[in-house]
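The following exchange sets computed values against the definitions behind each term.

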Amino acid sequence: MAYLALDTSSEQLSLAIAHAGQIHARVWQVGQKHAELTLPALRTLLTELGLEMAAITGIAYPQGPGSFTGLRISCGIAQGLAFARNLPVVGVSTLLALAERSGALQAYVCIDARMNQVYTAAYTRVALDQPWQMVLEEQVCDPDAVPLPPGEGWFGIGTGFAAYADALQKRLGAQLSQVAASEQANAEQLLQLALPRFASGDVQPAHEANLVYLRDKVALKTSERVAK
C-alpha cells in the first residue's frame, strides 16, 4: 500500500508518498502555478519511485487555514484523484502540520492571514512519538490579541512571526523559547499526521472532503463552495 499527500496551500508545491515504510517528499517553489504543475509533478514522483497511481490507497490534503485559492486547489485535486479510484481522503489542519514540523513538544503556531491578522493555535504532546493535544483552539485574530499559552518554553513557528514580529514579541514575550518565522508546513508533515488516521479508519469519502476557513468559522463541502 502507498499513501499520497499534496499541499498547495502556500507558495510551495509539495508532494509526499508513503511506501514500503518510508516517506518520500518533494518541495518546489512554484509561485502561483500550483494548478498546472501539481499533476505533472505527481507523475514525476511516482515514476521516480517506480509506482503507478493505482498503488495509492489514500490521499491527504491540507484542510486549512491558509490561502483560499491554494486550499481549493489541493482539495479539488485530492477529490478528483480519489473520486476516480474510490479512495478515502484525510484533511489535515495546516496549523497542526506546522506544529509537527517544529519537532518540539510545545508548539505555538502563527500563520500570516493577511488583512493584518493571523491564524493561530497551540499544541502540546508528551513525547515526540505521541499525538498532539490542542491547548489553544485554532482561530483568526489580530497579532496583538493572540491568546496566551500556559507557561513558558513554547516553540513559535509560522509566517505570522515574520509578518508581525514586533506585535507578537510584545504579546508573547518570554513564553516563547525560540521562533522559526520562515517555516512552512508541507506534504511530508501532512502525511505523517494522516497515516495514523488511515490506519485507524478515521477517513472520509472524497465527496465529504471539506475546507476550514477560520475567518468565517465554517467548514465547506464541495457543493457549498460552488454555491458561494
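Q: What makes the contact between the side chains of Glu183 and Arg101 a salt bridge?
A: The model is predicted, so local features need pLDDT of at least 70 and side-chain atom pairs count only at pLDDT 80 or more, while totals for chains, interfaces and linings use all residues. Residues are numbered from 1 along each chain as its sequence is written, and side-chain values use heavy atoms, with hydrogens and water left out. A salt bridge requires a side-chain nitrogen of Lys or Arg within 4 Å of a carboxyl oxygen of Asp or Glu. Glu183 and Arg101 meet at 2.5 Å, N to O, and therefore satisfy that definition.

Q: Which parts of the chain does this pair link?
A: Distant parts: Glu183 lies in the loop between strand E10 (176-180) and H6, and Arg101 in helix H3 (residues 94-102), 82 residues apart. Helices (H or I, at least four residues) and strands (E, at least two) are DSSP runs, numbered from the N terminus.

Q: Why is Glu183 called partly exposed?
A: Buried means under 20% relative accessible area, exposed over 50%, and partly exposed in between (1.4 Å probe, protein chains only). Glu183 has 27% and is therefore partly exposed; Arg101, at 32%, is also classed as partly exposed.

Q: Are Arg114 and Asp112, which meet in a salt bridge, buried or exposed?
A: Arg114 has a relative accessible area of 55% and is therefore exposed, whereas Asp112, at 19%, counts as buried. Their side chains meet at 3.3 Å, N to O.

Q: How do you know that Arg197 forms a salt bridge with Asp202?
A: The closest N and O atoms of Arg197 and Asp202 are 3.2 Å apart, so the pair meets the salt-bridge definition. Arg197 is partly exposed at 26%, and Asp202 is partly exposed at 42%. The structure holds five salt bridges.

Q: What makes E3 and E5 edge strands of the open sheet?
A: The five strands have the order E3-E2-E1-E4-E5, with mixed pairing. Strands E3 (22-29) and E5 (89-93) each have a single partner strand, so one side of each lacks a neighbour in the sheet.

Q: Why are strands E1 and E4 said to pair?
A: Two strands pair if DSSP finds at least two bridges between them. Strand E1 (residues 2-7) and strand E4 (residues 56-64) have four bridges in the parallel sense, so they qualify as paired. Within this pairing, Ala5 stands opposite Ala60 in E4.
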